[in-house]
Amino acid sequence: MQELTHYINGEHVKGTSGRFSDVFNPATGEVQAKCPLASKEEMDKAVAVAAAAQPAWAATNPQRRARVLMKLVSLLNRDMDKLAEALSREHGKTLPDAAGDVQRGLEVVEYCIAAPQMLKGEFTDSAGPGIDMYSMRQPLGVTAGITPFNFPAMIPMWMFAPAIACGNAFILKPSERAPSVPLMLAELFEEAGLPKGILQVVNGDKEAVDAILYDDTIQSVGFVGSTPIAEYIYGTGCAQGKRVQCFGGAKNHMIIMPDADLDQAADALVGAGYGAAGERCMAISVAVPVGEETADKLIEKLIPRVEALKVGPYTAGTDVDYGPVVTAAAKSNIEALVQTGIDQGAKLVVDGRDFSLQGYEEGFFVGAHLFDNVTPDMDIYKKEIFGPVLSTVRAQTYEEAIGLAMDHEYGNGTAIYTRDGDTARDFANRINIGMVGINVPIPVPLAYHTFGGWKKSAFGDLNQHGPDAFKFYTRTKTITARWPSGIKEGGEFSIPVME
Ligand code: NAD
């Protein structure tokens, strides 16, 4: 049995707490590795190493720092297949999906090569007699991030690329359910020329997270995961005086207007609802057709498409649409929610409950489910299922449809399918959700825009990547400077008054 490590000060280090968690191959159900769960003492060691290494990195010319990121991009491309394979083996997603996970992280590394430009300050010449005023963006020092299982490559890179480009040291606490790829990323970054101690990976659970939250040296915490944990980390981290941004769960609605191209909408729903077994925070989990006729036609188009989905292990290559879910516990949770949906009166029009795959009976596979006649009071509507289950809520009018999405507690992403520009424009303007697609089912912004939801899907006021990341990982200092010639001119600095 493979025993995974932490990555501290440029070395793979064995866990010393004596606590481990199982890492599964979700396709076979076998435990394939043990992940060490760090104690506070182990976290403290990583923090001390980071604090010692960070000042020299902060003092490194930003262009030199950017060159290390440039090199990392080429190494990520070199090792793309290896990373994708390791990721699929632990997470279960298909190989193309796993490569996409690496690719979307790589794009943020690429974007962060712009650090020298993004970090330039502002300058006011002659703010007073002989007086100049300027601002600079300085790194925070030691920063940390806590990431979920569902994007083991992309989300760590969304955090550590900007943090490190800005001159910080970064401690990553990845998901204990998918820890291998983050360790590989740390090794690659050092191969690219990153000094030891600037990116460290400390594996663990709540104990490691609490060690981060209560550490006095760590200046900021980024979190992506479920909403209850996001709320805990945001509340605790802020109370400790840290800069915190937390991104939580989702329940993304897609509204299908009567004038939409229903074949396009059905194809989009199948990709966005069932891709990666629904384990995406931007997955569409609620379809809202407007009008009974639209709903009937949509359901008719969805049923054969959902029934045709191919579920299997990543080793089957492109023959598979989606793989297993991450753990047996995740599978049971999905199955229990499906049963609740049936008990509460929703109509299960595609029933994936009896799904089983020959040769993979112990794997965590879940068949595709499609519900019709879901109502807002049902648990399957209110809760995030995070599985291959799409719920259809029939709305009679556009107002009713947009109202549903607006009233839901989550506000990560949403989409509308329509040919009508007025409706699309109204939807984009009024909706209280952070990322909106118009005839685009999964509107994930590219690296140079920012990613973030509203309502219970995000806590904190800055988004991930894009220009916000440079703000989150730096703080502004403003300097007012007067030189002797200004003093000689008799200039006293005072706030200008109306003349
Ligand atoms: P999770 O909340 O269970 O775990 C996330 C991280 O928190 C992990 O590193 C885990 O070790 C840690 N953690 C778990 N329990 C903890 C506790 N009690 N105290 C402190 N730390 C704890 O989430 P997950 O199951 O790994 O990921 C799926 C969730 O993440 C879904 O809700 C999904 O919507 C969300 N997600 C959100 C986004 C986004 O950008 N909004 C992106 C991806 C995933």
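**Exercise 1. Which helix and which strand each supply at least two residues of the shell around the ligand?**

Solution. Helix H8 (206-213) is one such element, and strand S11 (218-224) is another. Keep in mind that the model is predicted.

**Exercise 2. Where does the ligand lie relative to domain 1 and domain 2?**

Solution. Start with domain 1, which spans 2-248 + 457-479. Then take domain 2, at 252-438. Both give residues to the shell, so the ligand lies between them. Now look at the pockets. The space taken by the ligand is the largest pocket.

**Exercise 3. How do the residues of the shell divide into nonpolar, polar and charged?**

Solution. Count by class. The shell has 14 nonpolar residues, 9 polar and 5 charged. Next, pick out those that come nearest. Of the 28 residues around the ligand, these are Thr 147, Lys 173, Glu 176, Ser 226 and Glu 384.

**Exercise 4. Which atoms of Thr 147, Arg 177 and Gly 225 lie by an oxygen atom of the ligand?**

Solution. Apply the cut-off for a polar contact: N or O atoms within 3.5 Å.

- Thr 147: a backbone N or O atom lies 2.8 Å from a ligand oxygen.
- Arg 177: here a polar side-chain atom is 2.8 Å from an oxygen of the ligand.
- Gly 225: a polar backbone atom is 3.2 Å from a ligand oxygen.

Finish with the cover. On its own, the ligand has 840 Å² of accessible area, and the protein covers 89% of that.

How values were computed
Residues are numbered from 1 along each chain as its sequence is written. This is a predicted model: local features need pLDDT of at least 70, side-chain atom pairs count only at pLDDT 80 or more; totals for chains, interfaces and linings use all residues. Side-chain values use heavy atoms; hydrogens and water are left out. A residue is near a molecule or strand if one of its heavy atoms lies within 4 Å of it. A polar contact is a pair of N or O atoms within 3.5 Å; within protein, one must be able to donate a hydrogen and the other to accept it, and residues adjacent in sequence count only if both atoms are side-chain atoms. Accessible areas come from the Shrake-Rupley method with a 1.4 Å probe; for residues, only the protein chains shown count as cover. On a 1 Å grid over the protein atoms alone, a cavity is a set of points where a 1.4 Å probe fits but cannot get out, and a pocket is an open set with protein on both sides within 12 Å along at least five of seven lines; lining residues have an atom within 4 Å of a point. A molecule sits in a cavity or pocket if more than half of its atoms lie within 2 Å of its grid points. Helices (H or I, at least four residues) and strands (E, at least two) are DSSP runs, numbered from the N terminus. Ala, Val, Leu, Ile, Met, Phe, Trp, Tyr, Cys and Pro count as nonpolar, Asp, Glu, Lys and Arg as charged, and the others, Gly among them, as polar. Domain bounds come from an automatic or database domain assignment.
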